[in-house]
Amino acid sequence: MREFATFEERLSAWTTDAMKSVFGLEDCNVHLGVSPTNNDKFGDYQCNAAMVLAKPLRKAPRQIAQEFVDTAELPEFVEKMEIAGPGFINFFLSNKVLANHIEALEKDPNLGVEQVGKGKRVVIDYSSPNVAKPMHIGHIRSTVIGNAIDRLYRFLGYDVIADNHLGDWGTQFGLMMIGYRAFRDEESLKTAPVEELERIYVESYNKSKEDDSWRELAKSELVKLQQGDEENRALWEKFIELSIEEFNTIYDRLGVKFDLYRGESFYNDRLPKIIDSLIDKGLAAESEGALIVDLEEDGMPICIVRKSDGGYNYATTDLATVESRINEFDPERIIYVTDERQQLHFKQFFKISEKLGLDANLVHVWFGLMRLPEATFSTREGNVIKLAALLDEAESRALEMVRSSSPEMSEEQQKDLAKAIGIGAIKYTDLSQNPQSLVTFTWEKALNMQGNSAPYLQYAYARISSVYDKFHKEYPEVDLSKCSINIEHDIERKLAVKLSRFPAAVCSAAENYSPNILADYLYDLAQIYSSFYQNVPFLKAEEGVRESRIRLCRSTATTLKQGLDLLGIETRERI
RNA sequence: GCGCCCAUAGUUCAAUGGAUAGAAUAGCGGCCUCCGAAGCCGUAGAUACAGGUUCGACUCCUGUUGGGCGCACCA
């Protein structure tokens, strides 16, 4: 049992107990907790229980609220409660309590949230590009959203295993092999290896459509590979090595790290066993030469687990992967981050896993497709935008901005800053909206650096850092931790309330697999801070007020930095 | 045909069934003699349509329209 990290949790626990005891509700399942208010005239937290209980108690909501307020004894951290509107009970925290809370947050910004996942392990499967194909803008969502979830769960104390489930096995390798031998260009292979591999594949694929013998050759080379032929095996390994090397340069730029790069091939040996157990349990049946699992009674179409040519497919590999992960890691949860097109596939193989008795909590986090304004992009259409090109463009646009606004910086500093800003802008664009919405890619949107964007947050952070430095230069002898925080001004209180809700925002973002909840929170926080910054003096305030406000600044800076870090967005002290 | 997802200011996005639907951008009007104007302050502008459930609906249910995606050997 952990300490309650947030006022919301503490207060909810209290209202739930108090409601039950005041009205004698022993086994009542309705929600009696509180939620944050969205307007400070209604206090800091509101409870809707009086309205919810009106029917079962056969009393008017306001009467219930009145009885509750008259009877229940307030916990010490709440200043007062009030009845409002149809029967809301509003709770007000005192400025003193808020100030103490901010002080506590400064000492321990996690405030207990790292206890949430203590002792629990979770596997997160994300990014997962295909070998021998350059990453394009369609890969950015899985990578960036998956990585944010990864960071959030680590922050909550989970033991996270980030696994990049590469597409490194499949029928395309037959075409790749013979294409490589026939069409490769050594020069391009050195300068842009993966792009060249893709070109080889496309050329080989096109040839196979017109040339039957070519297709036959591909098939036989594939069989040789699968049977462990040394030469083909070496070539295949080379494709993987070249691909991973190139993926890693992108991951480095994005600040993404994996614990494992286990491609589909890793699970190859386990496929026959999975089929055996499906058959043993009577789950699989022959149909039109293929082996299928009938899911009709579960309201789903059939699922092929072995093709009529005897080969295995995606579903088989995924089942073997689950089994392997359970045996090796015993995770509390396995999270898959992919696009929405795979929803049916995941539902099917989750169901089959369950039927097989594979005991794991499987979660499919899906996100909306990325499209181009004209149409869906595809390799064959040739309208893909390479991920590397997107990152280059972001950094160069950011560099332009940095050069004009910070000409005094060294070239090296400018480039470092442009990287933080450019990459941050791209990530933030994806992370600040609901993952499930369908996204139409535009350069303008992806590289947004104004308004609700990463640079806005980074700018707020840099301004605070600068204020903080100035304070230390002017008052080197002051020990801030000995100065108290006093909340008097409205905007100070607003800022303090927002700061106190950071742990709740983090927990909510993680629980809902929605980094945009955290992004929203941070943007709100930065807006409140900017308003604070513009409207009240701090360096120029009188002694006492000055130190208190500087501490609020520092707390804001810590929170912004921590929050942005959880989204994988870098901060700099100078912009 | 069956199934999944989506529809909110001109545009791009928010809103665990809660109180007056929030931002950004574009528009209009202000603010650098003052802690960093990548900023701040003000102004105007929206829940596709029709029913229903509820004390209360952008949110849940039904239907309609308009988009995206998936449904037997690609992953």
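This report describes a predicted model, taking in the surface near RNA strand B, three helix settings and one loop residue.

## The surface near RNA strand B

In this predicted model, 77 residues lie around RNA strand B, and those that come nearest are Ser35, Lys307, Asn434, Gly451 and Ser466. Sorted by class, the residues of this surface comprise 31 nonpolar, 34 polar and twelve charged.

Several elements supply at least two residues each to the surface near RNA strand B, namely the helices α2 (49-57), α13 (343-356), α14 (387-405), α17 (454-474) and α20 (515-535), together with the strands β4 (88-93) and β8 (290-293). The largest share, eight residues, is that of α17.

## Helix α15 against helix α17

Helix α17, which gives the surface near RNA strand B its largest share of residues, also packs with α15 (residues 411-431), at an angle of about 130 degrees and with the two axes 8 Å apart. The two helices are therefore oblique to each other. On the α15 side the contact is made by Ala420, Ile421, Gly424, Ala425, Lys427 and Tyr428, and on the α17 side by Ala454, Pro455 and Gln458. These residues fall into six nonpolar, two polar and one charged.

## Helix α20 against helix α21

Helix α20, another contributor to the surface near RNA strand B, packs with α21 (545-566) at an angle of about 155 degrees, their axes being 10 Å apart. Because angles over 145 degrees count as roughly antiparallel, α20 is roughly antiparallel to α21, and α20 passes α21 in a left-handed crossing. The contact involves Leu518, Tyr521, Leu522, Leu525, Ala526 and Tyr529 of α20, which meet Thr556, Thr559, Leu560, Gly563, Leu564 and Leu566 of α21. By class, the contact of α20 with α21 has nine nonpolar residues, three polar and no charged.

## The cover over helix α18

Helix α18 (residues 490-500) has as its buried residues Glu492, Leu495, Ala496, Val497, Lys498, Leu499 and Ser500. Their cover includes α20 and α21, as well as α1 (7-23), α4 (95-107) and α19 (502-511).

## Asn313 in its loop

Asn313 is placed in the loop between β9 (303-306) and α12 (314-329), and it counts as partly exposed because it has 16 C-beta neighbours inside 10 Å. Leaving aside residues up to four places away in sequence, Asn313 touches Ile304 and Lys307; Lys307 is itself among the residues that come nearest to RNA strand B. Between Asn313 and Arg551 there are 58 Å in space, C-alpha to C-alpha, and the two are 238 residues apart in sequence.

Terms used:
Residues are numbered from 1 along each chain as its sequence is written. Chains are lettered from A and ligands numbered from 1 in the order in which they are written. This is a predicted model: local features need pLDDT of at least 70, side-chain atom pairs count only at pLDDT 80 or more; totals for chains, interfaces and linings use all residues. A residue is near a molecule or strand if its C-beta atom, placed from the backbone, lies within 6 Å of it. Helices (H or I, at least four residues) and strands (E, at least two) are DSSP runs, numbered from the N terminus. Ala, Val, Leu, Ile, Met, Phe, Trp, Tyr, Cys and Pro count as nonpolar, Asp, Glu, Lys and Arg as charged, and the others, Gly among them, as polar. A residue is buried if 20 or more other C-beta atoms lie within 10 Å of its own, exposed if 12 or fewer, and partly exposed in between; C-beta atoms are placed from the backbone. Two residues are in contact if their C-beta atoms, placed from the backbone, lie within 7 Å. Axes are lines fitted to C-alpha atoms, for helices over the stretch in contact, and angles run from 0 to 180 degrees between N-to-C directions. Angles under 35 degrees count as roughly parallel, over 145 as roughly antiparallel, 65 to 115 as roughly perpendicular and the rest as oblique. A crossing is left-handed if the near helix is turned anticlockwise from the far one by less than a right angle, and right-handed if clockwise.
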